Amino acid sequence: MLEFKQISKAFDGKTVAEHINLTVADGQLLAILGPSGCGKSTLLNLAAGLLEPDSGEIWLNNQNCTHVAPEKRRVALMFQDYALFPHLNVWQNVAFGLKMQSVTTQEARQRAERMLRQVGLGREAERRIDSRSGGEQQRVALARSLVISPYLLLLDEPFSSLDTGLRQQLRNQTFNLIRAQNIPAA
C-alpha cells in the first residue's frame with residue numbers, strides 16, 4: 001500500500017503539490033490525470049524516492065519511507081523515455097535493479113532472462129539496447145521494472161511515444177503482468 005500524508009512540494013517557488021492525501025491499496029490500479037505541469041510526475045518521483053517532499057510523509061506497506069533511499073523502497077518507476085542504459089545489452093538493462101540489490105550476477109541474469117521470456121524478448125537478451133525498436137525497448141523497461149518484484153509499480157506515460165496498436169498491445173501486456181504478480185500500480 002502507498003499512502004501520501006499531507007504531501008507538499010514546490011520548485012523555485014511554484015507549488016506543484018499542496019497537502020496531498022492519497023491512499024493506493026494493495027492490488028489497486030490508479031491513474032492520475034491532469035494537464036502538463038500539474039504535478040503528476042512529481043507525485044510519482046516522490047513515491048519512488050527520487051524527490052523528497054517539502055512537508056508531509058510517504059508510507060509504503062505501513063512503513064514511513066519519506067527519507068528512505070529509492071533503491072531500498074522496492075518501488076519501480078517506468079519513465080516515458082524508458083531510461084535504458086546504452087552501454088548495457090538487453091539482459092544487463094533488465095538486471096540493473098537486481099545488481100543494485102546485491103543479487104549475484106548469475107542469479108540476476110537468470111531472473112532477467114526469465115522476465116525477458118515473459119515479455120516476449122527471450123531471444124534478445126544479448127542484443128544491444130540501441131538496436132531494439134521502441135516497442136522492444138518499452139518491453140525491456142517493463143521487464144526491468146518487474147524483475148525486482150516491486151511492492152509498487154509507477155508508470156509515467158510509458159506508452160505515449162508508441163503508435164496506437166503497439167500502445168494498446170503493451171498496455172494489455174503490462175496489465176496482465178501486473179495482475180499476475182499482484183503488484184499495485186499507479
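The following paragraphs describe a predicted model of a protein chain, moving from its confidence to its sheets, helices and selected residues.

In this predicted model, local features are reported where pLDDT is at least 70 and side-chain atom pairs where pLDDT is 80 or more, whereas totals for chains, interfaces and linings use all residues. Residues are numbered from 1 along each chain as its sequence is written, and side-chain values rest on heavy atoms, with hydrogens and water left out. The average pLDDT of the protein chain (the predictor's confidence in each residue, from 0 to 100) is 88, and 97% of the residues score at least 70. Among the elements of the chain, where helices are DSSP runs of H or I with at least four residues and strands are runs of E with at least two, numbered from the N terminus, the highest mean pLDDT belongs to β3, at 97, and the lowest to helix α5 (residues 164–181), at 78.

Four strands form an open sheet in the order β2-β1-β3-β4, with antiparallel pairing, two strands being taken as paired if DSSP finds at least two bridges between them. Strands β2 (14–24) and β4 (63–64) occupy the edges and have a single partner strand each, so one side of each is left without a neighbour in the sheet. Within this sheet, strand β1 (residues 2–11) runs antiparallel to strand β3 (residues 55–60) and is joined to β3 by five bridges; E3 stands opposite W59 of β3. Helix α1 (residues 40–48) packs on the sheet and touches β1, β2 and β3, contact meaning heavy atoms within 4.5 Å. The direction of α1 makes about 120° with that of β1, where axes are lines fitted to C-alpha atoms, for helices over the stretch in contact, and angles between N-to-C directions run from 0 to 180 degrees.

Within helix α1 lies T42, which has a relative accessibility of 12% and counts as buried (under 20% relative accessible area, with exposed meaning over 50% and partly exposed in between, for a 1.4 Å probe and protein chains only). When residues up to four places away in sequence are not counted, T42 touches K9, F11, V16 and L51.

Two loop residues call for a remark on backbone geometry. Most residues other than glycine have a negative phi. N62, in the loop between β3 and β4, nevertheless has a positive phi of about 65° although it is not a glycine, and N62 is exposed, with a relative accessible area of 59%. R74, in the loop between β4 and β5 (75–78), likewise has a positive phi, near 55°, but is partly exposed at 30% relative accessibility.

Strand β5 pairs in the parallel sense with strand β6 (residues 152–155) over four bridges, and M78 stands opposite L155 in β6. The side chains of β5 point in two directions, V75 and L77 one way and A76 and M78 the other, and all of these residues are buried.

Helix α2 (residues 90–100) contains the buried residues V90, W91, N93, V94, A95, G97 and L98, and the buried residues of α2 pack against α3 (105–118) and α4 (134–147). The N-terminal end of α2 is capped by N89, a side-chain oxygen of which lies 3.3 Å from the backbone nitrogen of W91; such a polar contact is a pair of N or O atoms within 3.5 Å, where within protein one atom must be able to donate a hydrogen and the other to accept it, and residues adjacent in sequence count only if both atoms are side-chain atoms. Just after α2, S102 takes a positive phi of about 65°.

One aromatic pair is counted, under the rule that rings of Phe, Tyr and Trp (its six-membered ring) pair if their centres lie within 6.5 Å, with planes under 30 degrees apart counted as stacked, over 60 as edge-to-face and the rest as tilted. The rings of F85 and F96 have centres 4.5 Å apart and planes at 45°, so the pair is tilted. Because F85 lies in the loop between β5 and α2 and F96 in helix α2, the pair ties together parts that are eleven residues apart in sequence. F85 is partly exposed, with a relative accessible area of 26%, and F96 is partly exposed at 32%.

In helix α3, A108 is buried at 0% relative accessibility. Leaving aside neighbours within four places in sequence, A108 is in contact with A95, L98, K99 and V103. The C-alpha atoms of A108 and T23, which are 85 residues apart along the chain, are separated by 32 Å.
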